[in-house]
Amino acid sequence: MLKIAYSPIYKYELPNGHRFPMIKYELIPEQLLYEGTIKEGNFFHPDAATEETILLTHDAKYWEKLKSQQLTAKEIRKIGFPMSSQLVKRGTHIANGTFQCALYAQQFGIAMNIAGGTHHSFTNHGEGFCVFNDIAIAANKLLSSNLVNKILIVDLDVHQGNGTAQIFRNENRVFTFSMHGAKNYPTKKEQSDLDIGLPDKTEDAFYLKTLRETLPYLIDQFEPDFIFYLSGVDVLKTDKLGRLNLSIEGCKERDKIVLESCRKNQIPVAVSMGGGYSERLTHIVEAHANTYRLAQEIYF
Ligand SMILES: [Zn+2]
């Protein structure tokens, strides 16, 4: 069964006109239910990550500042959301959602989080709409619990996974792969184990060819026993921040390549959603919904 982490806490109230399309966290589950791709029973409400779990990844000082709401105005601006204890609570549920997805993925092959992919969160600070690094938190918890040996992170959000790269810089049990827009945020990139920076306006053919040439090779060489997939849809041509030119079909083909590779190699995969900033919400919802449709087709 396709288990999907989702909770009403995922949608955080933002001031009018804020550029983050928070409503997608409601629209995507609604669309998937409406069209019959999933049923209510597919969802589970994740618990909050414990302090112990969070501290496997984040600095105690950063965590204390979040808990006591003592981040500076500058640190909050870098994150890009209005700060509150609700935002922090939300982050702990999303992060643990990704960890619980990992456990379900070990059982069912795949599980998905309707949020997360917060790859701009570092050990000691957040930025770019990311407070905690959900995939890093889940990965560190899997490793420290001896549930997996080697993890591959496939980050195909259009922005580089800078926080993830920093967190795992000295962790050889985790291989970080980020394919992103070379000219996009963050301007100062961290070093992943493999970075592929794509030129502006990259289209389907070149993008998919690059992925097809890279992913099987990484799986063969590194032999992961777990994969995290960050399926951001800000690669779309319609994306306001993306700078690449993928079509909706190309984006779906990208997801298919990743999920089929995981399935074929029998490596459990947990999917976190990542970014998507198309002008029209329907494009964002459709592209994310495709990832769920494919998961049902390929696995169940
Ligand atoms: Zn992004």
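The following exchange introduces a predicted model through its nonpolar core, one helix residue and several salt bridges.

Biologist: Which helix gives the most residues to the largest nonpolar core?

Modeller: The largest nonpolar core holds 100 residues, and Ile114, Ile151, Leu152, Phe177, Phe228 and Leu259 touch the most other members. With 9 residues, the helix that gives the most to this core spans residues 281-299 and is helix H10.

Biologist: Which residues is Leu152 in contact with, leaving aside its neighbours within four places in sequence?

Modeller: Leu152 is among the core residues that touch the most other members. In soluble globular proteins, nonpolar side chains tend to be buried together. Leaving aside neighbours within four places in sequence, the contacts of Leu152 are Phe175, Phe177, Leu215, Leu218, Ile219, Phe222, Pro224, Phe226, Ile227 and Phe228.

Biologist: Is Thr210 buried or exposed?

Modeller: Thr210 lies in helix H8, which covers residues 204-222. Residues up to four places away in sequence not being counted, Thr210 touches Met179 and Ile196. Its relative accessible area is 12%, and buried means under 20%, so Thr210 is buried.

Biologist: Which residue has its backbone oxygen 2.7 Å from a polar atom of the side chain of Thr210?

Modeller: Thr210 belongs to helix H8. The backbone oxygen that lies 2.7 Å from a polar atom of the Thr210 side chain is that of Phe206.

Biologist: How many residues apart in sequence are the parts tied together by Lys67 and Glu51?

Modeller: Lys67 forms a salt bridge with Glu51, with the closest N and O atoms 2.6 Å apart. Lys67 lies in helix H3 (residues 60-67) and Glu51 in helix H2 (residues 51-54), so the pair ties together parts whose separation in sequence is 16 residues.

Biologist: Which residue of helix H3 lies 3 residues from Lys67 and forms a salt bridge with Lys67?

Modeller: Lys67 is partly exposed, with a relative accessible area of 40%, and its partner is partly exposed at 41%. The two lie 3 residues apart in helix H3, about one turn of the helix. With closest N and O atoms 3.4 Å apart, the partner of Lys67 in this salt bridge is Glu64.

Biologist: Where does Glu253, the salt-bridge partner of Arg212, lie?

Modeller: The side chains of Arg212 and Glu253 meet in a salt bridge at 3.1 Å, N to O. The pair links distant parts of the chain, 41 residues apart, with Arg212 in helix H8 and Glu253 in helix H9 (residues 248-264). Arg212 is partly exposed at 43% relative accessible area, and Glu253 is partly exposed at 27%. The location of Glu253 is therefore, as the secondary structure runs show, helix H9.

Definitions and conventions: Residues are numbered from 1 along each chain as its sequence is written. This is a predicted model: local features need pLDDT of at least 70, side-chain atom pairs count only at pLDDT 80 or more; totals for chains, interfaces and linings use all residues. Side-chain values use heavy atoms; hydrogens and water are left out. A nonpolar core is a set of buried Ala, Val, Leu, Ile, Met, Phe, Trp, Tyr and Cys residues joined through side-chain atoms within 4.5 Å. Buried means under 20% relative accessible area, exposed over 50%, partly exposed in between (1.4 Å probe, protein chains only). Helices (H or I, at least four residues) and strands (E, at least two) are DSSP runs, numbered from the N terminus. Contact means heavy atoms within 4.5 Å. A polar contact is a pair of N or O atoms within 3.5 Å; within protein, one must be able to donate a hydrogen and the other to accept it, and residues adjacent in sequence count only if both atoms are side-chain atoms. A salt bridge is a side-chain nitrogen of Lys or Arg within 4 Å of a carboxyl oxygen of Asp or Glu.
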